[in-house]
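Look over the structure below, then work through the questions and answers that follow.

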Amino acid sequence: MYVDPARYRQGVGRVLLRHALAADDSAAIECTVPAGNDHARALYDSAGFVVVGTKTGKPAGNERFAATGHAMEWHRP
């Protein structure tokens, strides 16, 4: 999930994340947040996601470069 930089700090990401969590009835949801994206990491932290690992590799769909990301999980209460 990405937000247009012109819309940062306006609550758009929080609304999108809440919608995604409500629309998915899975017991757990996983995502990867790019290392260095502190605002995104704070958003997922505030929603109850926890870091379960850090990985480096070529992102699916953009295999031209390697990146490091934090694997995060959220468990339905």
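Q: Which helix gives the most to the lining of the largest pocket?
A: This is a predicted model. Helix 1 (12–23), helix 2 (38–46) and strands 1, 2 and 3 each supply at least two residues of the lining. The greatest contribution, 6 residues, comes from helix 1.

Q: How much space lies in the largest pocket, and which residues are the closest to its centre?
A: The space in the largest pocket is about 1100 Å³. Its lining is made of 37 residues, and those closest to the centre are Met1, Val33, Asn37, Ala40 and Tyr44.

Q: How many residues of the lining of the largest pocket are nonpolar?
A: The lining residues fall into three classes: 6 are charged and 10 are polar. The remaining class, nonpolar, has 21.

Q: Why is one side of strand 1 and of strand 2 left without a neighbour in the sheet?
A: The open sheet has 3 strands in the order 1-3-2, with antiparallel pairing. Strand 1 and strand 2 each have a single partner strand, so one side of each has no neighbour, and the place where both stand is the edges.

Q: By what angle are neighbouring strands of this sheet turned against each other on average?
A: The sheet is open, and its strands pair antiparallel. With direction ignored, the average turn between neighbouring strands is 25°.

Q: Which residue in strand 3 is the bridge partner of Thr54?
A: Strand 2 (50–57) and strand 3 (67–75) both supply residues to the pocket lining. These two strands run antiparallel and are joined by 7 bridges. For Thr54, the bridge partner in strand 3 is His70.

Key
Residues are numbered from 1 along each chain as its sequence is written. This is a predicted model: local features need pLDDT of at least 70, side-chain atom pairs count only at pLDDT 80 or more; totals for chains, interfaces and linings use all residues. Side-chain values use heavy atoms; hydrogens and water are left out. On a 1 Å grid over the protein atoms alone, a cavity is a set of points where a 1.4 Å probe fits but cannot get out, and a pocket is an open set with protein on both sides within 12 Å along at least five of seven lines; lining residues have an atom within 4 Å of a point. Grid points are joined across faces, edges and corners, and a volume is the space filled by probe spheres set on the points. Helices (H or I, at least four residues) and strands (E, at least two) are DSSP runs, numbered from the N terminus. Ala, Val, Leu, Ile, Met, Phe, Trp, Tyr, Cys and Pro count as nonpolar, Asp, Glu, Lys and Arg as charged, and the others, Gly among them, as polar. Two strands pair if DSSP finds at least two bridges between them. Axes are lines fitted to C-alpha atoms, for helices over the stretch in contact, and angles run from 0 to 180 degrees between N-to-C directions.
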